[in-house]
Amino acid sequence: CLASHYQAAQAAVAHAVLALCLYQTKHVKEADTELELARNILSVRFPTGLDQSNSTQGFWFDWLAAHVLFQEAEKAKHEFGEETETARRDPGTLNKP
């Protein structure tokens with residue numbers, strides 16, 4: 001759903017979900033890229049407000065879902081990204097809870 005003919009809300013959801021998955025699998029650089037792509041899409045839409053929209057642009061609930069997933073990906077960045085950075089500095093922390 002990242003092809004150019006899909007609506008922006010779907011692309012934002014896909015980028016956010018990819019970022020979540022990549023953070024959890026410790027692929028931080030790739031996750032950061034996906035998170036930034038989601039951020040760019042959402043930054044264009046949210047300043048104009050959420051109206052009813054349509055199937056071409058994405059309905060309000062599509063944009064809301066994209067925003068919620070984006071926020072979760074940002075949380076994962078702080079959780080898993082910091083964990084990865086700590087492990088990079090001190091590999092002995094990988095096995096600690």
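Contact here means heavy atoms within 4.5 Å. The views below are taken from a predicted model.

**Figure 1. The whole chain, with three helices and two strands.** Read along the sequence, these elements follow the pattern α-α-β-β-α. The chain has 97 residues, and buried residues make up 31% of them. Taking the contacts between residues at least 6 apart in sequence, 56% join residues at least 24 apart.

**Figure 2. Helix H1 and the residues it buries.** What span should the 17 residues of H1 have at 1.5 Å a residue? The expected figure is 24 Å, and the end C-alpha atoms of H1 are 24 Å apart, which agrees. Helix H1 covers residues 8-24. Its buried residues include a number of alanines, namely Ala-9, Ala-11, Ala-12, Ala-14, Ala-16 and Ala-19. His-15, Leu-20, Leu-22 and Tyr-23 of H1 are buried as well. An α-helix has 3.6 residues a turn, so residues three or four places apart point the same way.

**Figure 3. The packing of helix H1 against helix H2.** Helix H2 is made up of residues 28-45. The axes of H1 and H2 lie 8 Å apart and form an angle of about 155 degrees. Angles over 145 degrees count as roughly antiparallel, and H1 and H2 are therefore roughly antiparallel to each other. The crossing of these two helices is left-handed. On the H1 side, the contact is made by Ala-8, Ala-11, Ala-12, His-15, Ala-16, Leu-18, Ala-19, Leu-22 and Tyr-23. On the H2 side, the residues are Val-28, Glu-30, Ala-31, Asp-32, Glu-34, Leu-35, Leu-37, Ala-38, Ile-41 and Leu-42. By type, the residues of this contact comprise 15 nonpolar, one polar and three charged.

**Figure 4. Lys-26 in the loop between H1 and H2.** Which sign does phi of Lys-26 have, positive or negative? Phi is near 65 degrees, a positive value in a residue other than glycine. This residue comes just after H1. Lys-26 counts as partly exposed because its relative accessibility is 34%.

**Figure 5. Leu-35 and its surroundings.** Leu-35 is found in helix H2. Is Leu-35 buried or exposed? With 1% relative accessibility, Leu-35 counts as buried. Apart from neighbours within four places in sequence, Leu-35 is in contact with Ala-19, Tyr-23, Phe-70, Ala-73, Glu-74 and Lys-77. Of these partners, Ala-19 and Tyr-23 are also listed among the H1 residues that make the contact with H2. From Leu-35 to Ala-73 the C-alpha to C-alpha distance is 7.0 Å, although the two residues are 38 apart in sequence.

**Figure 6. Ile-41 and the residues it touches.** Ile-41 is a residue of helix H2. Which residues does Ile-41 touch, not counting residues up to four places away in sequence? They are Ala-8, Ala-11, Ala-12, His-15 and Trp-63. Ala-8, Ala-11, Ala-12 and His-15 belong to the H1 side of the contact with H2. Ile-41 and Ala-66 are 25 residues apart along the chain, and their C-alpha atoms are separated by 9.6 Å.

**Figure 7. Phe-80 of helix H3 beside the end of H1 and the loop.** Helix H3 runs over residues 60-89 and contains Phe-80. Phe-80 counts as buried because its relative accessibility is 15%. Leaving aside neighbours within four places in sequence, its contacts are with Tyr-23, Gln-24 and Lys-26. Lys-26, one of these partners, is the loop residue of Figure 4. How far apart in space are Phe-80 and Gln-24, C-alpha to C-alpha? The distance is 6.2 Å, for two residues that are 56 apart in sequence.

**Figure 8. Trp-60 in helix H3.** Trp-60 is partly exposed, with a relative accessible area of 42%. Its C-alpha atom and that of Ala-9 are separated by 9.2 Å, while the two residues are 51 apart along the chain. Ala-9 is one of the buried residues of H1.

Technical notes:
Residues numbered from 1 in each chain as written. Predicted model: local features only at pLDDT ≥ 70, side-chain atom pairs only at ≥ 80, totals over all residues. Heavy atoms only, no water. Axes fitted to C-alpha atoms, helices over the stretch in contact; angles between N-to-C directions. Parallel < 35°, antiparallel > 145°, perpendicular 65-115°, else oblique. Left-handed = near helix turned anticlockwise from the far one by under 90°. Nonpolar A, V, L, I, M, F, W, Y, C, P; charged D, E, K, R; others polar. Expected span 1.5 Å × (residues − 1). Buried < 20%, exposed > 50% of the residue type's maximum accessible area, 1.4 Å probe, protein only.
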